[in-house]
Amino acid sequence: MDHFLYRDDILHGEDVPVPGIAASVGTPFYLYSEATFRRHFRLFDEALAGMDHLVCYAVKANSNQAILKLLGDMGAGMDVVSGGEYARVRAAGVPGERIVFSGVGKTREEMRAALAGGVRQFNVESEPELEELNGLAVSMGLRAPVAIRVNPDVDARTHAKISTGKAENKFGIPISRARGVYARAGTMAGIDITGIDVHIGSQITDLGPFRRAYLKVGDLARQLRADGHDIRRLDLGGGLGIPYARGNEAPPLPTEYGAMIRETVGDLGCEVVIEPGRLIAGNAGILVARVIRVKEGEGRKFLIVDAGMNDLVRPAMYEAHHDIVPVAQPVPGEKQEPFDVVGPVCETGDTFARERFLPPLQAGDLLAFRSAGAYGAVMASEYNARPLIPEVLVSGDQFAVIRARPSYDEMVNRDRIPEWL
Ligand code: LLP
């Protein structure tokens with residue numbers, strides 16, 4: 001459920017009509033609902049109620065400061081994968097002890113910054129990373145809290161580009177090697193072993209792969225305890241999928257996911273950390289665009305909109321489906337026709353949908369791309385010299401621009417022309 005609903009035949013973000021925001025900030029833009037973000041965070045928090053837990057929002061899904069602050073103020077932890085995300089989270093006021101640092105290629109500088117600034121744990125992805133972190137911590141007179149990310153070799157049955165838990169993926173340490181790595185870590189003066197970390201992929205729409213991975217993690221935890229390690233925390237990653245095509249998809253609910261966690265690893269008495277991104281942010285945001293014109297092609301109609309693949313890359317990159325709805329609610333029973341919905345970028349890949357059935361539309365009409373709150377704005381670029389589009393947050397009957405659209409001058413003047421030219 002989200003808070004983008006029709007009222008009086010006009011799409012609203014909470015209590016605010018979308019056309020009013022479009023008139024004020026111009027199109028295209030991202031629109032987020034504060035109530036939806038809050039609701040989704042609470043769903044996870046409640047799903048783990050009764051267990052010692054921390055829901056660490058995966059910042060990569062949407063890293064706007066306003067979003068980080070609103071979740072951070074609710075008590076959310078944060079999962080970061082870069083020094084930039086760490087800096088964003090700290091700037092939003094989240095303390096280090098609520099930040100887990102993931103990522104397969106942490107640099108020395110990133111590790112140093114997190115050690116100095118405070119961190120709940122590093123999710124370490126390789127033996128060389130462990131050695132380097134140990135050396136760094138020792139040189140700083142600190143002990144780095146560490147979970148080793150294990151690769152459980154489980155097929156998450158999701159898009160190949162967002163599957164991370166199979167042996168062939170670059171992530172984690174093969175679970176078969178884990179005991180040896182923990183043994184080595186146990187000898188390191190700069191390493192404090194806290195637990196085990198796993199993450200098998202994203203947009204996972206059934207619980208089976210999670211269950212298989214978590215059972216393996218549970219077994220490993222018991223072995224490691226028997227080996228003498230103080231395994232007190234399990235970071236079970238993110239990845240729970242969301243319905244992108246309304247009416248056709250019903251991924252498991254956070255409550256079902258929470259129950260499965262209790263069932264698979266609950267008996268271990270560990271603190272449970274989860275790292276959801278998409279489920280918190282995805283349906284808390286839409287992308288609003290305007291029809292530039294309708295073009296008749298050879299046996300098809302192109303709906304050319306003012307948002308492009310640079311603004312929302314998911315369809316081009318993962319063949320992802322986003323529901324597209326007119327901001328003015330179609331009259332019930334109105335005849336729909338198939339459109340190819342495309343952006344203005346000079347690539348055929350700049351296609352949001354093919355043969356999508358929509359009511360008659362014309363230049364100037366507003367459209368909303370649903371489920372665009374996660375991996376939308378954060379993956380945007382200025383390809384074709386299209387300035388990054390604004391982000392707007394609605395809360396009840398008020399809205400605020402939480403990232404402004406740069407002017408052409410601001411975009412152009414970031415470049416520097418060397419003296420010799
Ligand atoms: N934790 C780790 C270590 C991750 O790598 C990810 C996502 C998450 C948590 C959050 O997963 P989520 O709950 O959001 O599924 N750009 C792609 C998704 C990439 C996900 C990468 N890792 C997309 O637009 O579908």
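This passage describes a ligand site, a loop residue, a helix and a small sheet in a predicted model.

The ligand is surrounded by 18 residues. Ser202, Glu275, Arg278, Arg314 and Tyr375 are the closest of these. Three polar side chains were examined at the ligand. Glu275 places a polar side-chain atom 2.6 Å from a ligand nitrogen. For Asp79, an N or O atom of the side chain is 3.3 Å from a nitrogen atom of the ligand. His199 approaches an oxygen atom instead, with a polar side-chain atom at 3.4 Å. On its own, the ligand has 590 Å² of accessible area, and the protein covers 92% of this.

Ser202, one of the closest residues to the ligand, is also a partner of Thr158. Thr158 sits in the loop that joins strand E9 (144-151) to strand E10 (173-174). Its side chain reaches two backbone oxygens. That of Ser202 is at 2.8 Å, and that of Gln203 is at 3.1 Å. Beyond its neighbours within four places in sequence, Thr158 contacts Ser163, Ser202 and Gln203. Ser202 and Gln203 therefore appear both as contacts of Thr158 and as polar partners of its side chain, a pairing that rests on the cut-off of 3.5 Å between N or O atoms.

Helix H8 comprises residues 208-226. The end C-alpha atoms of H8 are 27 Å apart. This agrees with expectation, because 19 residues at 1.5 Å a residue should span 27 Å. The buried residues of H8 begin with Gly208, Pro209 and Phe210. Ala213, Tyr214, Val217 and Gly218 are buried too. Leu220, Ala221 and Leu224 complete the list. An α-helix has 3.6 residues a turn, so residues three or four places apart point the same way. The cover over the buried residues of H8 comes from several elements. Among them are two helices, H7 (178-186) and H9 (254-265). Strands E9, E11 (191-197) and E12 (233-235) also contribute. E9 is also the strand that precedes the loop holding Thr158. Just after H8, Gly228 adopts a positive phi of about 105°.

Towards the start of the chain, three strands form an open sheet in the order E1-E2-E3. The pairing is antiparallel. Strands E1 (4-7) and E3 (16-17) are the edges, and each pairs on one side only. Strand E2 (residues 10-13) pairs with E3 over two bridges, in the antiparallel sense. Within this sheet, His12 stands opposite Pro17 in E3.

Technical notes:
Residues are numbered from 1 along each chain as its sequence is written. This is a predicted model: local features need pLDDT of at least 70, side-chain atom pairs count only at pLDDT 80 or more; totals for chains, interfaces and linings use all residues. Side-chain values use heavy atoms; hydrogens and water are left out. Two strands pair if DSSP finds at least two bridges between them. Helices (H or I, at least four residues) and strands (E, at least two) are DSSP runs, numbered from the N terminus. A polar contact is a pair of N or O atoms within 3.5 Å; within protein, one must be able to donate a hydrogen and the other to accept it, and residues adjacent in sequence count only if both atoms are side-chain atoms. Contact means heavy atoms within 4.5 Å. The expected span of a helix is 1.5 Å times one less than its number of residues. Buried means under 20% relative accessible area, exposed over 50%, partly exposed in between (1.4 Å probe, protein chains only). A residue is near a molecule or strand if one of its heavy atoms lies within 4 Å of it. Accessible areas come from the Shrake-Rupley method with a 1.4 Å probe; for residues, only the protein chains shown count as cover.
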